[in-house]
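Q: I have a new structure open in front of me. Please teach me to read it, one feature at a time.

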Amino acid sequence: MAVATTAALLAALGGSLWLLVRRFVGREVLRLHGGGDADLHARKTVLITGANSGLGRSTAAELLRLGARVIMGCRDRARAEEAAGQLRRELGGPGADDAAGAGPGELVVRELDLASLRSVRAFCRQLLQEEPRLDVLINNAGVFQCPYMKTEDGFEMQFGVNHLGHFLLTNLLLGLLKSSAPSRIVVVSSKLYAYGDINFEDLNSEQSYNKRFCYSRSKLANILFTRELARRLEGTNVTVNVLHPGVVRTNLGRHIHIPLLAKPLYNLVSWAFFKTPLEGAQTSIYLASSPEVEGVSGKYFGDCKEEELLPKAMDESVARKLWDISEVMVGILK
């Protein structure tokens, strides 16, 4: 009994120490990199996909505070309008209740369903007609470990949204990004890419489906896409970098089933050990606004620092093949 009690106390002490360390590291990242560069982002136009919740919402809020004009590209327009209204009220300032007012910056809501190539094309047509420039594109939206389902165009949902939808979006907006240079593209991936592989024989997961593996594969595809795009953008003054946000408390894990009795423990663990959305968004904000990464391209970041990639994420032949196949899948090439 005494041994068990001692073990429990040691585990609690270890957990408390870990929590203190993680909280300190999170605050240190915010202290060193939080807030971005206001001069760099005043009057800049930034497009963020999935900006109505989680990482995207926190990223939008911080860039708005820097004076950026933020376009929220979201699947559910009603939820996006609700989030936009909350952001306007939180940031305050003149016109906080107006459609155009959001603190020092401006907030615009646009409907964008990355599970529909038709929606992506319609969104880009409208944006290209209405926006004279685009300074930053943040590919943030994602689907996480969902049951097997298909997009409107028949693609496996995670690969279709996380990779193909953003692949088409980025390609359709490249002309505007180039004419707005210096401009930046930021891609949100995950450390779970390490568990994925690109199986060109079954990209649509029709032969077999594992929701965890397919998520990891889509995140590996994000990295390969970033590196190949960086190669293609050399000399254009448009940079592209990819990041992992860490483990963050968001609604991304809504498809994960947690037994009812285990939920209190899960909630406690997530509160203690997961990042807040604001902490998780710091690297996106950093890559979008910091002068420290001016001209840096094709790199992988975590906690606002460059990190090493596994060899499979640096395979240039796989990256080029994935690019070529993706062009055909989304209809850029017939």
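A: Let us start with valine 328. Valine 328 is found in helix α11, which covers residues 316-330. Keep in mind that this is a predicted model.

Q: Is valine 328 buried or exposed, or partly exposed?
A: Look at the relative accessible area. The partly exposed class lies between 20% and 50%. Valine 328 has 47%, so it counts as partly exposed.

Q: Which residues make a nonpolar surface patch with valine 328?
A: The partners are Ile332 and Leu333. Together with Val328 they make a nonpolar patch of about 230 Å² on the surface.

Q: How much accessible surface does the chain have?
A: About 15600 Å². Carbon and sulfur atoms account for 56% of that surface. As for burial, 51% of the 334 residues count as buried.

Q: How many helices and strands should I look for?
A: The chain has 11 helices and eight strands.

Q: What is the strand order in the open sheet?
A: First, the general idea. Strands of a sheet pair through backbone hydrogen bonds, either parallel or antiparallel. Here, eight strands form an open sheet in the order β3-β2-β1-β4-β5-β6-β7-β8. The pairing is mixed. At the edges sit β3 (106-111) and β8 (305-306), each pairing on one side only.

Q: How many bridges join β2 to β3?
A: Six. Strand β2 spans residues 69-74, and the two strands run parallel. For one pair, find isoleucine 71: its bridge partner in β3 is valine 108.

Q: Where do I look for the nonpolar core?
A: In soluble globular proteins, nonpolar side chains tend to be buried together. In this model, the largest nonpolar core has 51 residues. Those touching the most other members are Leu47, Leu169, Leu173, Leu177, Ile185 and Leu229.

Q: Which elements each supply at least two residues of this core?
A: They are α5 (117-130), α6 (157-179), β5 (183-188), α7, β6 (238-244) and α11. Helix α6 gives the largest share, 11 residues. There is also a second, separate core of 33 residues, which includes Ala80, Leu107, Ile285 and Leu287.

Q: What does leucine 177 touch, leaving out residues up to four places away in sequence?
A: Its contacts are Leu134, Asp135, Leu137, Ser183, Arg184, Ile185 and Val238.

Q: How do I read a covered helix?
A: An α-helix has 3.6 residues a turn, so residues three or four places apart point the same way. Now take α10, residues 282-289. Eight of its eight residues are buried. Among them are Thr283, Tyr286 and Ala288.

Q: Why does glutamine 282 count as buried?
A: The class needs a relative accessible area under 20%. Glutamine 282 counts as buried because its relative accessibility is 1%. This residue is found in α10. Try a distance here too. Glutamine 282 and glycine 302 are 20 residues apart in sequence, yet 9.2 Å apart in space, C-alpha to C-alpha.

Q: What share of contacts join residues at least 24 apart?
A: Take contacts between residues at least 6 apart in sequence. In this chain, 78% of them join residues at least 24 apart.

Q: Where is serine 216 placed?
A: In helix α7, residues 211-232. Serine 216 has a relative accessible area of 3%, so it is buried. Leave out residues up to four places away in sequence, and serine 216 touches Leu192, Tyr193, Tyr195 and Gly196.

Note on methods: Residues numbered from 1 in each chain as written. Predicted model: local features only at pLDDT ≥ 70, side-chain atom pairs only at ≥ 80, totals over all residues. Heavy atoms only, no water. Helix = DSSP H or I, 4+ residues; strand = E, 2+ residues; numbered from the N terminus. Buried < 20%, exposed > 50% of the residue type's maximum accessible area, 1.4 Å probe, protein only. Contact = heavy atoms within 4.5 Å. Patch = residues over 30% accessible without salt bridge, like charges linked within 9 Å, V, L, I, M, F, W, Y side chains within 5 Å. Areas by Shrake-Rupley, 256 points an atom, 1.4 Å probe, with all protein chains shown as cover. Salt bridge = Lys/Arg side-chain N within 4 Å of Asp/Glu carboxyl O. Core = buried A, V, L, I, M, F, W, Y, C linked by side-chain atoms within 4.5 Å. Pairing = 2+ DSSP bridges.
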